[in-house]
Amino acid sequence: MIRATPLDLTPDNDRIKTLMIDCHCHLLPNIDDGAHDIEMTTQMARAAAASGTRAIICTPHHLNGVYENPARSIRAALSTAREQLAANGIPICLYSGSELHLVPELPDRLFDGTALTYNDRGAAALIELPKATIPLGAEAILEQLVYRNITPVLAHPERNAVLAAHPERIGEWIALGCKVQLTAQSCSGAFGRRLRLVCRRWLELGWVHLIASDAHRPSGRSPATLAAGRNAVAAWLDEDAATLLTETNPQHLLSGEPLLDLPPRQTARGETAGSVWSRVLRLRR
Ligand SMILES: [Fe+2]
């Protein structure tokens with residue numbers, strides 16, 4: 001369970017109404033392309049706390065061709081970051097995780113403990129795809145994980161060109177046992193109208209289980225972007241859906257419980273699925 005560290009509700013923070021858990025964030029210092037050093041880690045944590053986040057699952061890249069980051073390196077960086085936040089009185093709880101590139105050796109790495117699941121629960125793992133392709137044998141690797149009772153959580157599949165163009169594959173992977181995590185900035189429109197439309201459609205179909213910042217910096221790609229993504233979900237669906245994706249399901253990642261599904265919705269403004277996809281295709285041209 002999350003340690004009971006209350007948010008500092010000073011007058012400046014009175015507007016904060018949410019207690020979000022950011023389940024994908026590159027906050028740990030000097031371990032990947034996220035925070036360069038412990039000072040940047042501190043700035044990112046302050047940005048998270050000020051925007052209504054109470055906990056962060058730290059997810060450095062693993063085996064993505066640039067960074068290896070075995071579990072022991074992540075644990076050491078996590079310990080350093082926790083000490084720094086405590087010393088600076090920043091009310092954010094940090095947990096272990098990793099963004100695991102989809103490679104054939106991944107299932108064995110998870111089982112020998114070299115690669116990390118969310119919060120060491122052994123229940124679910126964050127899986128990263130390349131930006132432009134789907135590796136050969138991807139389904140077989142995902143099936144291996146499901147067979148071994150590790151739920152694959154797909155990191156921002158809306159940003160994969162193949163999946164955005166062929167969303168039926170997402171539906172197939174969900175049927176296989178995968179879950180979906182969108183990037184908050186894709187939902188809020190910071191990454192463009194086309195991605196925003198894809199996110200909205202997938203949310204309405206009930207295909208989305210989590211949103212997260214995937215933050216790398218104190219500003220721009222910041223932990224504070226999670227709040228705007230949450231607001232987009234609340235506006236399209238409702239507050240309950242936004243709470244499920246930013247509080248309840250991230251808490252389930254921490255406790256090792258199964259993630260809950262969004263109920264599928266009718267499309268906004270009474271549009272048919274065909275009309276929404278026609279707009280997606282027009283924007284892609
Ligand atoms: Fe990431």
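This passage describes the strands, helices and nonpolar core of a predicted model.

The first group of strands is an open sheet of three, arranged in the order S1-S2-S4 with parallel pairing. Strands S1 and S4 (93-96) lie at the edges and have a single partner strand each, so one side of each is left without a neighbour in the sheet. On average, neighbouring strands of this sheet are turned by 25 degrees against each other, direction ignored. Although S1 stands at an edge, this strand (residues 20-25) is mostly covered, with six of its six residues buried.

Within the sheet, four bridges connect S1 with strand S2 (residues 53-58) in the parallel sense, and Asp-22 is placed opposite Ile-56 of S2. The two strands, together with helix H1 (residues 38-50), make up a right-handed β-α-β unit. On the other side of the pairing scheme, S2 and S4 run parallel and are joined by four bridges; here Ala-55 stands opposite Cys-93 in S4. Helix H2 (residues 71-87) packs on the sheet, where it touches S2 and S4, and the direction of H2 makes about 180 degrees with that of S4.

A further set of parallel pairings involves strand S6 (residues 124-128). Five of the five residues of S6 are buried, so this strand is largely enclosed by the rest of the structure. The cover extends to both faces: Ala-124, Leu-126 and Glu-128 are buried on one side, as are Ala-125 and Ile-127 on the other. Strand S5 (residues 99-101) runs parallel to S6 and is joined to it by three bridges, with Glu-128 of S6 as the bridge partner of His-101. The chain passes from S5 to S6 through helix H3 (residues 106-112) in a right-handed β-α-β crossover.

Strand S6 also pairs with strand S7 (residues 151-155), in the parallel sense and over four bridges; Ile-127 has Leu-154 of S7 as its bridge partner. Helix H4 (residues 138-147) carries the chain from S6 to S7, and this β-α-β crossover is likewise right-handed.

In soluble globular proteins, nonpolar side chains tend to be buried together. The largest nonpolar core of the model contains 76 residues, of which Leu-27, Leu-28, Ile-56, Cys-58, Ile-92 and Ala-125 touch the most other members. Ile-56 is also the residue of S2 that Asp-22 stands opposite. When residues up to four places away in sequence are not counted, Ala-125 touches Leu-100, Leu-110, Thr-117, Tyr-118, Leu-145, Ile-150, Pro-152 and Val-153.

Note on methods
Residues numbered from 1 in each chain as written. Predicted model: local features only at pLDDT ≥ 70, side-chain atom pairs only at ≥ 80, totals over all residues. Buried ≥ 20, exposed ≤ 12 C-beta atoms within 10 Å, placed from the backbone. Pairing = 2+ DSSP bridges. Right-handed = clockwise from strand over helix to strand, strands pointing away. Axes fitted to C-alpha atoms, helices over the stretch in contact; angles between N-to-C directions. Contact = placed C-beta atoms within 7 Å. Core = buried A, V, L, I, M, F, W, Y, C linked by C-beta atoms within 7 Å.
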